[in-house]
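I set out to look up the salt bridges in this structure, and then the packing of its helices. My entries follow.

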Amino acid sequence: MSDIRGFTAGFRILGPLEGHYGPTVHRPRGPKVRNLLALLAVRAHDIVEVDTLVEELWDGSPPSTAVSTVRTHVYHLRQELERALGAEAMRGVISTEATGYSLRPAAGQLDLDVFTRLYGQGRAEMRAGNRESALQRFDAALGLWRGRTLADVAQGRVLAGHAARIEDLRVRAQELRIEAAMGLGRHRELVPELRRLVATHPLNEWMHARLIDALHRSGRRGDALRAFHDVRTVLAQELGLEPSEDLRQLQHHILAGGSAA
(Lines give C-alpha, C1' and ligand atoms only; values in the text may rest on other atoms or scores of the structure.)
Protein backbone atom coordinates (compact mmCIF):
# COMPACT_ATOMS: atom_id res chain seq x y z
CA MET A 1 0.00 0.00 0.00
CA SER A 2 1.24 3.49 -0.86
CA ASP A 3 0.62 6.43 1.47
CA ILE A 4 -1.17 8.34 -1.28
CA ARG A 5 -2.34 5.92 -3.96
CA GLY A 6 -4.07 3.33 -1.78
CA PHE A 7 -3.79 -0.37 -1.17
CA THR A 8 -2.29 -3.17 -3.23
CA ALA A 9 -3.03 -5.67 -0.43
CA GLY A 10 -4.28 -5.38 3.11
CA PHE A 11 -7.12 -4.15 5.30
CA ARG A 12 -8.94 -0.86 5.68
CA ILE A 13 -10.79 0.10 8.87
CA LEU A 14 -10.78 3.92 8.61
CA GLY A 15 -14.29 3.79 7.19
CA PRO A 16 -16.10 0.59 6.17
CA LEU A 17 -14.24 -2.65 6.91
CA GLU A 18 -12.58 -3.95 3.75
CA GLY A 19 -9.95 -6.41 2.62
CA HIS A 20 -7.99 -5.65 -0.56
CA TYR A 21 -5.79 -7.48 -3.00
CA GLY A 22 -4.98 -5.62 -6.21
CA PRO A 23 -8.31 -4.49 -7.71
CA THR A 24 -10.30 -6.95 -5.57
CA VAL A 25 -12.24 -5.53 -2.62
CA HIS A 26 -13.83 -7.89 -0.11
CA ARG A 27 -16.22 -7.10 2.75
CA PRO A 28 -16.44 -10.08 5.13
CA ARG A 29 -19.84 -11.71 5.54
CA GLY A 30 -21.60 -12.43 8.80
CA PRO A 31 -21.76 -10.05 11.75
CA LYS A 32 -19.61 -12.11 14.12
CA VAL A 33 -16.93 -12.76 11.51
CA ARG A 34 -16.88 -9.01 10.77
CA ASN A 35 -16.53 -8.16 14.46
CA LEU A 36 -13.79 -10.74 14.81
CA LEU A 37 -11.74 -9.28 11.95
CA ALA A 38 -12.42 -5.73 13.12
CA LEU A 39 -11.15 -6.44 16.64
CA LEU A 40 -8.06 -8.19 15.32
CA ALA A 41 -7.43 -5.19 13.06
CA VAL A 42 -7.75 -2.46 15.71
CA ARG A 43 -5.28 -4.47 17.80
CA ALA A 44 -3.08 -5.51 14.88
CA HIS A 45 0.31 -7.01 15.82
CA ASP A 46 -0.97 -7.76 19.35
CA ILE A 47 -2.39 -11.03 20.62
CA VAL A 48 -6.13 -10.73 21.17
CA GLU A 49 -7.07 -13.21 23.87
CA VAL A 50 -9.94 -15.60 23.27
CA ASP A 51 -11.73 -14.20 26.34
CA THR A 52 -11.65 -10.72 24.78
CA LEU A 53 -13.07 -12.06 21.53
CA VAL A 54 -15.82 -13.84 23.45
CA GLU A 55 -16.68 -10.61 25.31
CA GLU A 56 -16.91 -8.67 22.03
CA LEU A 57 -18.94 -11.27 20.16
CA TRP A 58 -21.48 -12.07 22.89
CA ASP A 59 -21.46 -8.91 25.04
CA GLY A 60 -21.06 -10.66 28.40
CA SER A 61 -23.61 -13.42 27.71
CA PRO A 62 -21.66 -16.11 25.86
CA PRO A 63 -23.04 -19.59 25.14
CA SER A 64 -21.31 -22.60 26.63
CA THR A 65 -19.79 -23.28 23.21
CA ALA A 66 -18.29 -19.78 22.87
CA VAL A 67 -14.62 -20.79 22.79
CA SER A 68 -15.10 -23.50 20.18
CA THR A 69 -17.35 -21.15 18.18
CA VAL A 70 -14.59 -18.51 18.15
CA ARG A 71 -12.22 -21.11 16.72
CA THR A 72 -14.81 -21.93 14.05
CA HIS A 73 -15.26 -18.25 13.18
CA VAL A 74 -11.49 -17.80 12.84
CA TYR A 75 -11.32 -20.84 10.56
CA HIS A 76 -14.13 -19.51 8.36
CA LEU A 77 -12.58 -16.03 8.30
CA ARG A 78 -9.26 -17.41 7.09
CA GLN A 79 -11.00 -19.50 4.43
CA GLU A 80 -13.12 -16.56 3.30
CA LEU A 81 -10.16 -14.20 3.01
CA GLU A 82 -8.08 -16.75 1.12
CA ARG A 83 -10.91 -17.42 -1.34
CA ALA A 84 -11.65 -13.72 -1.88
CA LEU A 85 -8.16 -12.22 -1.80
CA GLY A 86 -5.89 -15.15 -2.61
CA ALA A 87 -4.22 -17.78 -0.47
CA GLU A 88 -0.76 -16.36 -1.11
CA ALA A 89 -1.72 -12.84 0.01
CA MET A 90 -3.54 -14.01 3.14
CA ARG A 91 -1.31 -16.90 4.24
CA GLY A 92 -0.10 -16.29 7.80
CA VAL A 93 -1.89 -12.95 8.15
CA ILE A 94 -4.01 -14.31 11.01
CA SER A 95 -1.79 -16.28 13.38
CA THR A 96 -2.87 -18.65 16.14
CA GLU A 97 -1.16 -17.96 19.47
CA ALA A 98 -1.20 -19.75 22.81
CA THR A 99 -3.90 -17.49 24.29
CA GLY A 100 -5.67 -16.14 21.22
CA TYR A 101 -5.15 -14.80 17.72
CA SER A 102 -3.24 -11.99 16.05
CA LEU A 103 -3.56 -10.09 12.80
CA ARG A 104 -0.04 -9.63 11.40
CA PRO A 105 -0.23 -7.36 8.34
CA ALA A 106 3.04 -6.46 6.67
CA ALA A 107 4.22 -2.86 6.66
CA GLY A 108 1.72 -0.69 4.81
CA GLN A 109 -1.02 -3.34 4.72
CA LEU A 110 -3.29 -1.74 7.35
CA ASP A 111 -4.55 1.80 6.84
CA LEU A 112 -4.48 2.47 10.60
CA ASP A 113 -0.76 1.68 10.68
CA VAL A 114 -0.09 4.07 7.80
CA PHE A 115 -2.21 6.78 9.43
CA THR A 116 -0.37 6.39 12.73
CA ARG A 117 3.02 6.63 11.02
CA LEU A 118 2.10 9.75 9.03
CA TYR A 119 0.51 11.32 12.11
CA GLY A 120 3.72 10.75 14.07
CA GLN A 121 5.79 12.25 11.27
CA GLY A 122 3.51 15.29 11.20
CA ARG A 123 3.90 15.82 14.92
CA ALA A 124 7.69 15.58 14.61
CA GLU A 125 7.67 18.17 11.81
CA MET A 126 5.52 20.47 13.95
CA ARG A 127 7.93 20.18 16.86
CA ALA A 128 10.77 21.05 14.48
CA GLY A 129 8.88 24.12 13.26
CA ASN A 130 8.41 22.74 9.72
CA ARG A 131 4.75 23.66 9.25
CA GLU A 132 4.62 23.05 5.49
CA SER A 133 6.03 19.53 5.83
CA ALA A 134 3.74 18.87 8.80
CA LEU A 135 0.73 19.98 6.78
CA GLN A 136 1.64 17.56 3.99
CA ARG A 137 1.95 14.67 6.45
CA PHE A 138 -1.39 15.45 8.12
CA ASP A 139 -3.10 15.83 4.74
CA ALA A 140 -1.78 12.40 3.69
CA ALA A 141 -2.83 10.84 7.02
CA LEU A 142 -6.33 12.30 6.96
CA GLY A 143 -6.73 11.41 3.29
CA LEU A 144 -6.79 7.72 4.29
CA TRP A 145 -10.16 8.13 6.00
CA ARG A 146 -13.35 7.16 4.16
CA GLY A 147 -15.79 7.76 7.01
CA ARG A 148 -16.21 6.83 10.65
CA THR A 149 -13.97 4.04 11.98
CA LEU A 150 -15.49 0.64 11.08
CA ALA A 151 -18.59 2.47 9.87
CA ASP A 152 -20.39 -0.69 8.73
CA VAL A 153 -19.59 -2.88 11.76
CA ALA A 154 -22.07 -3.29 14.64
CA GLN A 155 -19.62 -2.74 17.49
CA GLY A 156 -19.73 -4.39 20.88
CA ARG A 157 -18.32 -2.79 24.03
CA VAL A 158 -14.71 -3.80 23.43
CA LEU A 159 -14.61 -2.77 19.79
CA ALA A 160 -16.46 0.50 20.44
CA GLY A 161 -13.77 1.52 22.94
CA HIS A 162 -11.00 0.96 20.39
CA ALA A 163 -12.96 2.76 17.67
CA ALA A 164 -13.42 5.77 19.97
CA ARG A 165 -9.67 5.87 20.61
CA ILE A 166 -8.96 5.87 16.87
CA GLU A 167 -11.55 8.61 16.28
CA ASP A 168 -9.82 10.71 18.95
CA LEU A 169 -6.56 10.35 17.03
CA ARG A 170 -8.33 11.55 13.89
CA VAL A 171 -9.63 14.64 15.70
CA ARG A 172 -6.16 15.39 17.06
CA ALA A 173 -4.68 15.09 13.57
CA GLN A 174 -7.32 17.51 12.30
CA GLU A 175 -6.47 19.96 15.08
CA LEU A 176 -2.75 19.78 14.37
CA ARG A 177 -3.40 20.23 10.65
CA ILE A 178 -5.38 23.38 11.44
CA GLU A 179 -2.56 24.66 13.66
CA ALA A 180 -0.05 24.11 10.86
CA ALA A 181 -2.24 25.81 8.24
CA MET A 182 -3.00 28.78 10.50
CA GLY A 183 0.70 29.13 11.25
CA LEU A 184 1.20 29.46 7.49
CA GLY A 185 -1.41 32.23 7.33
CA ARG A 186 -4.03 30.19 5.44
CA HIS A 187 -6.99 31.53 7.40
CA ARG A 188 -9.37 32.15 4.51
CA GLU A 189 -8.99 28.71 2.99
CA LEU A 190 -9.52 27.10 6.40
CA VAL A 191 -12.95 28.64 6.99
CA PRO A 192 -15.00 26.08 4.97
CA GLU A 193 -13.13 23.17 6.57
CA LEU A 194 -13.61 24.62 10.05
CA ARG A 195 -17.32 25.10 9.44
CA ARG A 196 -17.57 21.44 8.47
CA LEU A 197 -15.61 20.36 11.53
CA VAL A 198 -17.69 22.35 14.03
CA ALA A 199 -20.83 20.91 12.44
CA THR A 200 -19.37 17.41 12.93
CA HIS A 201 -18.00 18.15 16.42
CA PRO A 202 -20.40 20.79 17.80
CA LEU A 203 -19.07 20.51 21.38
CA ASN A 204 -15.39 20.89 20.46
CA GLU A 205 -14.70 24.40 21.75
CA TRP A 206 -11.15 24.39 20.38
CA MET A 207 -12.45 24.03 16.83
CA HIS A 208 -15.07 26.72 17.37
CA ALA A 209 -12.34 29.05 18.63
CA ARG A 210 -10.22 28.40 15.54
CA LEU A 211 -13.21 29.12 13.28
CA ILE A 212 -13.85 32.41 15.06
CA ASP A 213 -10.17 33.32 14.86
CA ALA A 214 -9.94 32.36 11.16
CA LEU A 215 -12.99 34.50 10.33
CA HIS A 216 -11.59 37.44 12.27
CA ARG A 217 -8.18 37.13 10.60
CA SER A 218 -9.94 36.98 7.23
CA GLY A 219 -11.50 40.39 7.89
CA ARG A 220 -14.94 38.93 8.66
CA ARG A 221 -15.52 40.46 12.10
CA GLY A 222 -19.32 40.18 11.99
CA ASP A 223 -19.18 36.53 10.92
CA ALA A 224 -16.69 35.84 13.72
CA LEU A 225 -19.07 37.28 16.32
CA ARG A 226 -21.97 35.31 14.87
CA ALA A 227 -19.86 32.16 15.13
CA PHE A 228 -19.27 32.96 18.82
CA HIS A 229 -23.02 33.37 19.32
CA ASP A 230 -23.59 30.00 17.62
CA VAL A 231 -21.21 28.10 19.91
CA ARG A 232 -22.60 29.83 23.00
CA THR A 233 -26.10 28.71 21.98
CA VAL A 234 -24.97 25.11 21.35
CA LEU A 235 -23.18 24.86 24.69
CA ALA A 236 -26.14 26.32 26.59
CA GLN A 237 -28.69 24.05 24.91
CA GLU A 238 -26.65 20.83 24.96
CA LEU A 239 -24.70 21.11 28.23
CA GLY A 240 -26.03 24.12 30.14
CA LEU A 241 -22.54 25.65 30.01
CA GLU A 242 -21.02 29.00 29.16
CA PRO A 243 -18.18 29.22 26.60
CA SER A 244 -14.64 28.55 27.81
CA GLU A 245 -12.27 31.30 28.89
CA ASP A 246 -10.43 30.91 25.56
CA LEU A 247 -13.62 31.63 23.62
CA ARG A 248 -14.66 34.53 25.85
CA GLN A 249 -11.25 36.19 25.54
CA LEU A 250 -11.43 35.81 21.77
CA GLN A 251 -14.85 37.48 21.74
CA HIS A 252 -13.60 40.36 23.90
CA HIS A 253 -10.57 40.81 21.64
CA ILE A 254 -12.82 41.10 18.56
CA LEU A 255 -15.30 43.45 20.29
CA ALA A 256 -12.43 45.65 21.45
CA GLY A 257 -11.26 46.01 17.86
CA GLY A 258 -8.13 43.93 18.40
CA SER A 259 -5.82 43.39 15.46
CA ALA A 260 -6.61 40.43 13.23
CA ALA A 261 -3.00 40.13 12.15
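**Salt bridges**

I first looked up Arg91 and Glu88, and both are exposed (over 50% relative accessible area, 1.4 Å probe, protein chains only). Their side chains meet in a salt bridge at 2.9 Å, N to O. I take a salt bridge as a side-chain nitrogen of Lys or Arg within 4 Å of a carboxyl oxygen of Asp or Glu. The model is predicted: local features need pLDDT of at least 70, side-chain atom pairs count only at pLDDT 80 or more, and totals for chains, interfaces and linings use all residues. Residues are numbered from 1 along each chain as its sequence is written, and side-chain values use heavy atoms, without hydrogens and water.

I found 19 salt bridges in the structure. One of them joins the side chains of Arg43 and Glu49 at 3.8 Å, N to O. Arg43 counts as buried (under 20%) because its relative accessibility is 18%, whereas Glu49, at 33%, counts as partly exposed (in between the two limits).

I also looked up Arg170, which forms a salt bridge with Glu167, with the closest N and O atoms 3.9 Å apart. Both residues lie in helix H7, three residues apart, about one turn of the helix. Helices are DSSP runs of H or I with at least four residues, numbered from the N terminus. Salt bridges with shared partners join Arg12, Glu18, Arg27 and Arg146 into one network.

**Helix H2**

I noted the buried residues of helix H2 (residues 50-58): Val50, Leu53, Val54, Glu56, Leu57 and Trp58. Just after H2, Asp59 takes a positive phi of about 50°.

Terms used
Helix = DSSP H or I, 4+ residues; strand = E, 2+ residues; numbered from the N terminus.
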